[in-house]
Amino acid sequence: MARKPHVSETPATQLLRARGVAFTEHPYEYLEHGGAQHSAAVLGFDPFTVVKTLVMQDQDARPLLVLMHGNRTVSTKNLARQIGAKSVEPCKPEVANRHSGYLVGGTSPFGTKRDMPVYIESTILELPKIAINGGRRGYLVGIDPRVCVTLLGAQPVQCALAE
């Protein structure tokens with residue numbers, strides 16, 4: 001029987017293990033700018049169930065995380081309206097890296113360097129299982145989406161636009 005490749009711990013997997021969260025590991029060949037669509041294709045997952053972690057900021061440059069379906073984009077106007085901000089925009093990659101402690105393309109909402117409010121597209125919570133970044137490029141973990149609410153205090157929003 002073939003052995004699964006060993007994946008070393010990340011701050012995300014350390015947090016999940018410490019909190020007793022069951023998860024599956026899904027390493028894949030990372031592709032620069034491939035995003036959730038690429039990982040879904042390589043792993044044979046529906047892109048709707050692959051959740052991307054986006055580091056954004058409000059008008060005062062306060063960071064926040066948005067969890068979105070892999071085949072959807074964020075309506076920043078709808079998001080800003082729902083969270084009571086004047087505006088929301090994606091962070092530049094180097095700023096996102098500083099806030100999260102992860103490299104863009106390997107950002108997990110779990111085990112971030114800095115505590116940030118987390119917003120989750122509400123339809124993600126209706127899925128039985130999601131694949132979300134495990135804290136490094138080319139590595140997803142499969143979890144129950146409700147873990148995002150219980151562990152991160154993620155607040156449901158409705159800001160998805162079809163890609």
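**Exercise 1.** Place T112 in the chain and decide whether T112 is buried or exposed.

*Solution.* Step 1: T112 sits in the loop between helix 4 (93–100) and strand 6 (118–121); helices (H or I, at least four residues) and strands (E, at least two) are DSSP runs, numbered from the N terminus. The model is predicted, so local features need pLDDT of at least 70 and side-chain atom pairs pLDDT 80 or more, while totals for chains, interfaces and linings use all residues. Residues are numbered from 1 along each chain as its sequence is written, and side-chain values use heavy atoms, without hydrogens and water.

Step 2: The relative accessible area of T112 is 19%. Buried means under 20%, exposed over 50%, and partly exposed in between (1.4 Å probe, protein chains only). T112 is therefore buried.

**Exercise 2.** Which residues does T112 touch, not counting residues up to four places away in sequence?

*Solution.* Contact means heavy atoms within 4.5 Å. T112 touches L65, S100 and Y102.

**Exercise 3.** Classify E94 by its relative accessible area.

*Solution.* Step 1: E94 belongs to helix 4. Step 2: With a relative accessible area of 45%, E94 is partly exposed.

**Exercise 4.** How far apart are the C-alpha atoms of E94 and I120?

*Solution.* Step 1: Along the chain, E94 and I120 are 26 residues apart. Step 2: In space, their C-alpha atoms are separated by 23 Å.
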